[in-house]
Each structure stands twice: as structure tokens, then as C-alpha cells.
Amino acid sequence: MKARVRDVALALAAVSAVGSVTACGPGSGSTSGAGNARKISVLLPDSTTARWETQDKPLLEQRIRQLCGGCSTEHANAKGDVAIQQEQMDSSIADGVDAIVLTAVDARAMGASVGKAAAAHIPVIAYDRLVEGPIAGYVSFDGQEVGRLQGRALLTAMGARAHGGRIVMMNGDPGDPNALSFKQGALSVLRGKVTIAKEYDTPQWAAEAANRNMSGALSALGADSIDGVYAANDGLAAGSIAALKADKVTPLPPVTGQDAELAAVRRIVSGDQYMTVYKPFGPEAAAGGAMAVAAARGRSLDGVATRRVKTRSGAEVPAVLLTPVPVILATIESTLVRDGVYTLEQLCPPPLAGDCRKAGLT
């Protein structure tokens, strides 16, 4: 928890620093004069994962407006389609934007588009996912730590079966470098302790694919042979849990998750999902917005970055890597509720009233 507080403070301090810098720049705080305007494009990957449109988009746009009164934003969502996102990048470049915040659908496939932007002297901030190509900066969470948190929680929930038990691994999109980081982190904890009976990669993080794969795992292994489910995010958890319920598995094995989606936290309250990983979107958007504004104004990103990371090409770029937070039933109130992510009213609708009372939430 101390690490999370430290990272939040660093991100907010970076925002304040960039706010001070941009306030000294020409035209800051005013939209008057075309020469003072800055245009920033925010390109998101899909609408499958709820966070992009409900959290990241509004928070990024809000932070950019706060830091730069002369900046405008344009937003596009690729709906999980690489070709659409490539067209959106081309459009942003043709439009002459001053910076691009990009969460890539596919890190490798978008590398050429990042190169085009760099050739047009448009800096690209890789947001949440480390895309290939000559990016200017990177903002995300420590992906391997996410996986370690998930793996540790799963072992705890499995109890005695954490030694030799059988699990199903529902990994994320193989085109998302974060998915590999989550998997590596989880395996560093799980390997040698449990048996990975089935393992799946899930293109576009599709819950429907996770549902089909879990159904296949149940057919192959048997309903009584799955002691735990590593699901890389909450959408994959939802698909997996639906398949387990459809097969009348009782009790449900512990299932991990990530992103602290409202539906997932409610599943934790009801006992269907064991845990999720909370990645405070405010600090991430604060750092991403600060980097975008600094880049759009031609400023150094070192005032925002807290470290540097190596890209696939070996180049080092300024980066902010925040610390994720595990959430189980006992910590919902001290994390998500305390931080104002959800209210108890949101987490405890009438069908969950009894579960909330039992958990001490109401």
C-alpha cells in the first residue's frame, strides 16, 4: 500500500510540474489564436474492456484540458481491429495533430504506424501497452507484478490444493505485450507449485472466447478436476465463470481477474470471483495526459517520467510505471470504496444485499 501511495504521489507531482511548465508556454490557459492551439489524438483499442471508454478516455481528456487550456483532443476507438487503428493513426497524422496517445490493438502491427508518426515529427505516447516503433514515452503499470499478485492470490485461495492442484490458465491477447508480462509474472509464482492442466491465449481479450475455452477445458478435464482458474482480466474471468456455472460446477474454484470492473467486484461480493487487480486509472491518466501535453508542446518528458524502459528495438524511453493493487472481498472497502471508484450503493444492489451484510460492507 505504501508503494501505491508513493506512485500516486509521483504521478500527481509530475502533473503539477508539467502544469507549471505549460503555464509558461505560449498560449497556455487560453484557446485564443490558432498558433497557440495544440491538438492531441487519443486512440484506444477496443470496447470489449470497459475501462477504455468509461475510465481512461474521460480521465485522459480531463487531464489534458486541465494542463493545457489551448489543447483540444480527438478520440477514436479501433473496436479491436488493427486495420481500423492503422487508419485512425493515418488520419491523425494527416490532420497534423501535435501528439498521439496510443493504446495499441496489436503492439507489433502498429509499429509501422508509430514510425510514420515519428517521420511526421508527431510524438507518440504508448499508453498502458508498450507498442513497437519509435515512441516518445510510455505510461503503464508493472505488468509482471500484476501477474505475481494474481498468482499469489490464487495460491492463497486454493489452500491445501496450492501444492499439486490443477489449474486452467486463461491468458490475454497474444498481440498485447502486457498479456505476456502478466503471464510471466503469474508463472514465476505458480510454476513448480500447481499443475497447469490447460492453458489458452485469448485474442482481443474476448470473454466469449474464454467461455468457449473453459467449456472445452471442462469437457477434457472433468468438472471436479479444476482447482483454480488464472484469468488474466475481469472479462476473461466473467467468461470462465459463466462456463463453470453452465456446467453446474459447485463450489466454484477460485478465479482471478484484473481491472476492478464493477461487475467483477460484484462477483467478488457474491463469491463467484476470488480477486481482481485494481490499477488506479486516475494516476495513469494523469501521467499519460502530462506526457501528451509536454510532447505536444515540444517539451522534455523527463519532468514526468520516473524511470526509463527499453523498447523492443533496445532504445530507452521516458516512462511511468505504477504499482497495481490486489483486491479481495476483505479489502474492497479499504481500496475501491475509499478511493471513490465505487460507492457501497453501486456494489450492493438489492440482489447482493445479503452478501454485502455478510461481508460487513453494509
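The following is a conversation about how some features of this predicted model get their names.

Biologist: Happy to start with the basics: what kind of model is this, and how are residues numbered?

Modeller: This is a predicted model, in which local features need pLDDT of at least 70 and side-chain atom pairs count only at pLDDT 80 or more, while totals for chains, interfaces and linings use all residues. Residues are numbered from 1 along each chain as its sequence is written, and side-chain values use heavy atoms, leaving out hydrogens and water.

Biologist: Thanks! Why is α5 called oblique to α6?

Modeller: The axes of α5 (residues 143-158) and α6 (residues 177-190) cross at roughly 40° and come within 6 Å. Helices here are DSSP runs of H or I with at least four residues, strands are runs of E with at least two, and both are numbered from the N terminus. Axes are lines fitted to C-alpha atoms, for helices over the stretch in contact, and angles run from 0 to 180 degrees between N-to-C directions. Under 35 degrees counts as roughly parallel, over 145 as roughly antiparallel, 65 to 115 as roughly perpendicular, and the rest as oblique. That crossing angle therefore makes α5 oblique to α6.

Biologist: What makes residues of α5 and α6 count as meeting?

Modeller: Contact means heavy atoms within 4.5 Å. Among the residues that meet are V146, L154 and L155 in α5, and F182, A186 and V189 in α6. By class, the contact of α5 with α6 has seven nonpolar, nine polar and two charged residues. Ala, Val, Leu, Ile, Met, Phe, Trp, Tyr, Cys and Pro count as nonpolar, Asp, Glu, Lys and Arg as charged, and the others, Gly among them, as polar.

Biologist: On to the sheet of three strands: why are β7 and β8 said to stand at the edges?

Modeller: This open sheet has the order β7-β6-β8, with parallel pairing. β7 (195-200) and β8 (228-231) each have a single partner strand, so one side of each is left without a neighbour in the sheet.

Biologist: How do you know that β6 and β8 pair?

Modeller: Two strands pair if DSSP finds at least two bridges between them. β6 (residues 166-170) and β8 have four bridges, in the parallel sense, and M170 stands opposite A231 in β8. Helix α5 packs on this sheet, touching β6 and β8, with its direction at about 165° to that of β8. Helix α8 (residues 234-246) also lies across β6 and β8, at about 150° to β8.

Biologist: What makes β2 and β10 edge strands in the sheet of seven?

Modeller: The order of that open sheet is β2-β1-β3-β4-β5-β11-β10, with mixed pairing. Both β2 (71-77) and β10 (307-310) pair on one side only. Elsewhere in this sheet, β5 and β11 (residues 316-322) pair in the parallel sense over four bridges, and Y138 stands opposite A319 in β11.

Biologist: Now two loop residues: why is H121 called exposed?

Modeller: Exposed means over 50% relative accessible area, buried under 20%, and partly exposed in between, using a 1.4 Å probe and protein chains only. H121 has 72% relative accessibility, so H121 counts as exposed. H121 lies in the loop between α4 (111-119) and β4 (124-127), and has a positive phi of about 60° although it is not a glycine.

Biologist: And why does D128 count as buried?

Modeller: D128 has 3% relative accessibility, so D128 falls in the buried class. D128 sits in the loop between β4 and β5 (137-141), with a positive phi of about 75° although it is not a glycine.
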